[in-house]
Amino acid sequence: QHLDDQAETLLLQLLRGAGVKGGAAMPLLRKQDSGSKAKGARAPAILRPMLAISRRQIEAYAKANKLKWVEDESNLDTRRDRNFLRHKVLPVIGKAFPGYRATLARAAGHLAEADEVLSQLARADAQQITLGNKLAVAGLKALGPTRAKNLLRWLLLQYGAALPEADRLEEALRQLVHARDDAAVRVVLGTHELRRYAGVAYLLPLLADPPSGLERKWDGKRACALPELGGVLRFARTGGAGLKQGLIRNKDVFIRLRQGGEKLRLLATGSTRSLKNLLQEARMPPWERERLPLLYCGDTLVVVPGLGVASGWQAGAGDVGWTITWQRRE
């Protein structure tokens, strides 16, 4: 890309109603996320060393050095927005403003600087009111609409989500901040969604509906992936804690979802209580309850990850047990 491309990109972004980030057009250097899970993996950065050089200068150099190049025929198709600007609009602008290329590129640079300042502000705000993908709604409200939207945009980018239209982001903020305390807030933003529970907003990958009638037999392995629920069940052998291994030896252990009416007693001296109430007291958000895998030995509920092991099934001193945890994908 060169100077003309930068000017065209800025105009296209403005005509599409882009904000400061879009108006910054193309950076000289853009780092990329490789998408790899390998620690430290990074895709090659994109370098644009000719952003300050015009198309005319490049063509003049090529002709002077007798270089050959291939013209893409599609570049003449003025039905495409960029080509329409290039062939129909910019020549007219150039007659009145001969230096428009450098001027527009300079404007893009100013917007890039403004975008960096806004990103720094968002990072500072995030340190105060966010923890991972969670935001304190009271803190979000205290920021005021402008800073709150700036923080939401920044957070969406950190999680690889596309930025929503301005009115969609406005609606998301309105629901997060002003909906009733008991309202089930859910706003879809492309590949992600925002939900709210107990004064906390959660930015999540778009959640599919939990599968009906899920039942999976545990195969005895240390990890049981459940992509339909968005996570992995992990089993760690421990001494004196967890689900007593001896009680499930040679028995089938099944993974199921809540159906309603489940009961659980966690302490031998305690009472048997509804799982619904126990999960509410644990402040587990409703969408997590719907996707929480439960472990059964036969028809008996024996483990609820995050809550504990049913009384009578717990490993004691000298026993070998299984500690079972549910690891959700953020």
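Biologist: Is His87 buried or exposed, or partly exposed?
Modeller: In this predicted model, His87 is partly exposed, at a relative accessible area of 34%, where buried means under 20%, exposed over 50% and partly exposed in between, with a 1.4 Å probe and protein chains only. Residues are numbered from 1 along each chain as its sequence is written; local features need pLDDT of at least 70, side-chain atom pairs count only at pLDDT 80 or more, and totals for chains, interfaces and linings use all residues. Side-chain values use heavy atoms, with hydrogens and water left out.

Biologist: Which residues is His87 in contact with, leaving aside neighbours within four places in sequence?
Modeller: Those are Asn75, Leu76 and Thr78, contact being heavy atoms within 4.5 Å.

Biologist: Switching topic, how many salt bridges does the whole structure have?
Modeller: The search finds 23, each a side-chain nitrogen of Lys or Arg within 4 Å of a carboxyl oxygen of Asp or Glu.

Biologist: What about Arg55 and Glu8?
Modeller: Their side chains form a salt bridge at 3.4 Å, N to O, and this pair links helix α3 (residues 55-64) to helix α1 (residues 3-15) across 47 residues, helices being DSSP runs of H or I with at least four residues, strands E runs of at least two, numbered from the N terminus. Arg55 is partly exposed at 22%, whereas Glu8 is buried at 1%.

Biologist: And how far apart are the closest N and O atoms of Arg147 and Asp125?
Modeller: They are 2.5 Å apart in a salt bridge, with Arg147 in helix α7 (residues 145-158) and Asp125 in helix α5 (residues 100-129).
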